[in-house]
Amino acid sequence: MENWDKINETMKEYINTLHNELGWFTDEELQNTPKRISRFYKELYDNHKYKFTLFPAVKDSMIVINNVEMYSLCAHHMLPFFGKVSIAYLPKNDGKIAGVSKLARAVVKTASQPQTQEYLSQELINELVKNLDPQFAMVKITAQHMCMMMRGIKQQESIVTTTSLYVSDEMKPELATLKAEAMELMK
């Protein structure tokens, strides 16, 4: 990206302004922290680059992956939220399945930008539908939010759970059954 120098300068100005107002940083931190922040954002952005490997579906059965670690940034406060993601999907009979590591990479990709957890759930469903064209897909995210833990309400034990789902038109009559099966497998 062509604007990394500008991002570095903006981070330097930001850190220096905080230091001038609050006296928070050492000389080493004033020198290097802006670059560290910029590298972190670049690393997050680089997570968007991966290939969604597909294979022919073998049979008509639900595929579930649980406990995929997720780290993201709250778009409202720029503080981290983190937790676990579960993904369930039912491929079409003549459809495709994903390499399981690609499901984890899809989580990393979609989590690698500031957003809300609700938005993250829906973006992950969109990624799965775009790449897999499944009959059914469901995402469940449980996360803790630093914006709730270290500021405002200061709730250390609260966990936010979101779910998003997709169901093809032909499977809509089966939605309740599919959702129940996915929830059971996601426990």
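Two strands count as paired when DSSP finds at least two bridges between them. Keep that in mind as you explore this predicted model.

**Stop 1: the sheet**

Colour the strands. Five of them form an open sheet in the order β5-β2-β3-β6-β7, with mixed pairing. Now select β5 (114-115) and β7 (160-167): these two stand at the edges, and each has a single partner strand, so one side of each is left without a neighbour in the sheet.

Next, show β6, residues 136-145. β6 and β7 run in the antiparallel sense and are joined over eight bridges. To see one facing pair, pick M138, which stands opposite L165 in β7.

Stay here and add helix α6, residues 175-185. Which strands does α6 touch as it packs on the sheet? They are β2 (63-74), β3 (80-90), β6 and β7, and the helix direction makes about 45° with that of β6.

**Stop 2: the nonpolar cores**

Select F52, M70, V85, I87, L103 and V139. In the largest nonpolar core, which has 27 residues, these are the ones that touch the most other members. At least two residues of this core come from each of β2, β3, β4 (96-98), α3 (100-111), α4 (117-132) and β6. Which element gives the largest share? It is α4, with five residues.

Zoom in on L103. Leaving aside residues up to four places away in sequence, L103 touches F52, I65, I87, Y89, A98 and L128. Another core, of ten residues, lies apart from the one you have been viewing; L90, M138, A182 and M186 are among its members.

**Stop 3: two helices that cross**

Show α3 and α4 alone. Two packed helices are described by the angle between their axes and the distance between the axes. Here the angle is about 135° and the axes are 9 Å apart. Angles over 145 degrees would count as roughly antiparallel and 65 to 115 as roughly perpendicular, so α3 and α4 are oblique to each other. The crossing of α3 past α4 is right-handed.

Turn on the side chains where they meet: L103, A106, V107, K109, T110 and A111 on the α3 side, with L120, E123, L124, E127, L128 and K130 on the α4 side.

**Stop 4: a residue in α1**

Finish with I15, in helix α1 (residues 4-22). Is I15 buried or exposed? Its relative accessible area is 3%, and buried means under 20%, so I15 is buried. Beyond residues up to four places away in sequence, I15 touches F25, L30, T33, P34 and I37. Pick T33 from that group: it is 18 residues from I15 along the chain, and their C-alpha atoms are separated by 7.7 Å.

Methods
Residues numbered from 1 in each chain as written. Predicted model: local features only at pLDDT ≥ 70, side-chain atom pairs only at ≥ 80, totals over all residues. Heavy atoms only, no water. Helix = DSSP H or I, 4+ residues; strand = E, 2+ residues; numbered from the N terminus. Contact = heavy atoms within 4.5 Å. Axes fitted to C-alpha atoms, helices over the stretch in contact; angles between N-to-C directions. Core = buried A, V, L, I, M, F, W, Y, C linked by side-chain atoms within 4.5 Å. Buried < 20%, exposed > 50% of the residue type's maximum accessible area, 1.4 Å probe, protein only. Parallel < 35°, antiparallel > 145°, perpendicular 65-115°, else oblique. Left-handed = near helix turned anticlockwise from the far one by under 90°.
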